[in-house]
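Dear colleague,

I am handing over the structure we spoke about, and below it you will find an account of what was found in it. Please read the text with the structure open beside you.

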Amino acid sequence: MSMKAILFSSAKSDIIINHLEKSLLVTGSEEFVVTMAQQLSWLGAACRVAPLGLGCSYTSFNEVASKLGLPLCTFQISSEVVPLTSDDPGSCWNEIVGNSTIVTGFPIPERINNEKGLELPLEVMAAFGGIPLATQFNGGYVLKARSIAFVPVERRGNSIQWHLVKKGGAKLRYKDIGDLCPIRLPMEVLDQDELSSTRAFLGWCSDATNNLGMLRCFHVFPRAC
């Protein structure tokens with residue numbers, strides 16, 4: 001997939017789309033032109049579907065010679081989706097996003113506490129599982145559907161590490177959640193208000209331990225989530 005972006009600095013901001021040539025003529029201030037170039041690059045990479053499951057989407061932004069003979073900056077914006085290989089680190093969230101793409105080469109919000117996995121709002125995470133409500137179970141909150149559940153397993157400042165547990169295609173019981181994820185955050189660490197006010201990261205936590213009487217979960221190897 002590729003498109004051509006023709007950028008021209010002007011006092012008037014405008015975007016002209018040529019569907020036949022798959023090109024856009026962008027005019028405006030330098031700030032407007034740069035912003036549009038960034039957004040076009042992002043959209044070109046993000047609006048892709050990986051043909052064989054989860055994949056990585058790469059974007060290239062290269063200047064080409066203008067054929068119009070005018071003082072215009074012409075760029076070719078191309079994107080490519082590469083399937084994840086068996087060497088790529090896996091994560092629990094891979095199973096719920098389908099043929100989605102991981103857009104690479106763009107900035108993301110800073111992770112100051114070494115958070116792992118996919119950052120997403122709690123409402124979006126619940127929607128992935130078709131879960132309308134959070135449930136109190138054995139002193140803590142979980143998001144539970146018929147065969148999967150999202151479990152909060154660690155807190156680092158304002159960030160919560162969640163983990164997806166499942167039992168194949170069989171019905172997941174609350175007892176199964178306890179067996180599959182024995183250490184999770186109690187309500188004293190993650191209350192009802194903080195469910196939606198904290199940053200949510202969905203990713204695998206490899207090991208767990210007790211620390212100063214608090215139930216917490218720690219990563220013991222640099223496997224990405």
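Of the contacts in the protein with a separation of 6 or more, 61% are between residues 24 or more positions apart. Please bear in mind throughout that this is a predicted model, and that every value below was computed from it. The protein has 225 residues, of which 37% count as buried, and its accessible surface comes to about 13,000 Å², with 56% of that area belonging to carbon and sulfur atoms. As for secondary structure, there are 4 helices and 14 strands.

The sheets

Strands of a sheet pair through backbone hydrogen bonds, in either the parallel or the antiparallel sense. Here, 6 strands form an open sheet with mixed pairing, and their order across the sheet is S7-S12-S11-S10-S9-S8. The edges of this sheet are strand S7 (118-119) and strand S8 (135-137), each of which pairs on one side only. At the S7 edge, the partner is strand S12 (residues 199-202), which S7 meets in the antiparallel sense over 2 bridges, and within this pairing Leu118 stands opposite Leu202 in S12.

Towards the start of the chain, strand S2 (residues 14-18) and strand S3 (residues 23-28) run antiparallel and are joined by 5 bridges, with Ile17 having Leu24 in S3 as its bridge partner. These two strands form a hairpin with 4 residues between them, and Lys22, which lies in the turn, has a positive phi of about 50 degrees.

Strand S4 (residues 55-64) has two pairings to follow. With strand S5 (residues 73-83) it pairs in the antiparallel sense over 10 bridges, whereas 3 bridges join S4 to strand S6 (residues 101-103), and there the two run parallel. Gly55 is a useful residue on which to centre the view, since that residue stands opposite Pro83 in S5 and also opposite Thr101 in S6.

One residue of S4

Is Glu63 buried or exposed? This residue lies in strand S4, and at a relative accessibility of 55% Glu63 counts as exposed, because the cut-off for that class is over 50%. Leaving aside its neighbours within four places in sequence, Glu63 is in contact with Thr74 and Phe75. The C-alpha atoms of Glu63 and Cys73, which are 10 residues apart along the chain, are separated by 7.3 Å.

Cavities

Rolling a probe the size of a water molecule over the atoms shows where empty space is left. A search of the whole structure finds 2 cavities of 30 Å³ or more, and I describe here the second largest cavity, which holds about 30 Å³ of space. Which residues line the second largest cavity? They are Glu115, Glu154, Arg155, Arg156, Ser159, Ile160 and Gln161, and the elements that give two or more residues to this lining are strand S10 (148-156) and strand S11 (159-166). By class, the lining residues divide into 1 nonpolar, 2 polar and 4 charged. Both of these strands also belong to the open sheet described above, where S11 and S10 follow one another in the order S7-S12-S11-S10-S9-S8.

With best wishes

Terms used. Residues numbered from 1 in each chain as written. Predicted model: local features only at pLDDT ≥ 70, side-chain atom pairs only at ≥ 80, totals over all residues. Heavy atoms only, no water. 1 Å grid on protein atoms, 1.4 Å probe; cavity = no way out; pocket = protein on both sides within 12 Å on 5 of 7 lines; lining within 4 Å. Points joined across faces, edges and corners; volume = space filled by probe spheres on them. Nonpolar A, V, L, I, M, F, W, Y, C, P; charged D, E, K, R; others polar. Buried < 20%, exposed > 50% of the residue type's maximum accessible area, 1.4 Å probe, protein only. Contact = heavy atoms within 4.5 Å. Areas by Shrake-Rupley, 256 points an atom, 1.4 Å probe, with all protein chains shown as cover. Pairing = 2+ DSSP bridges.
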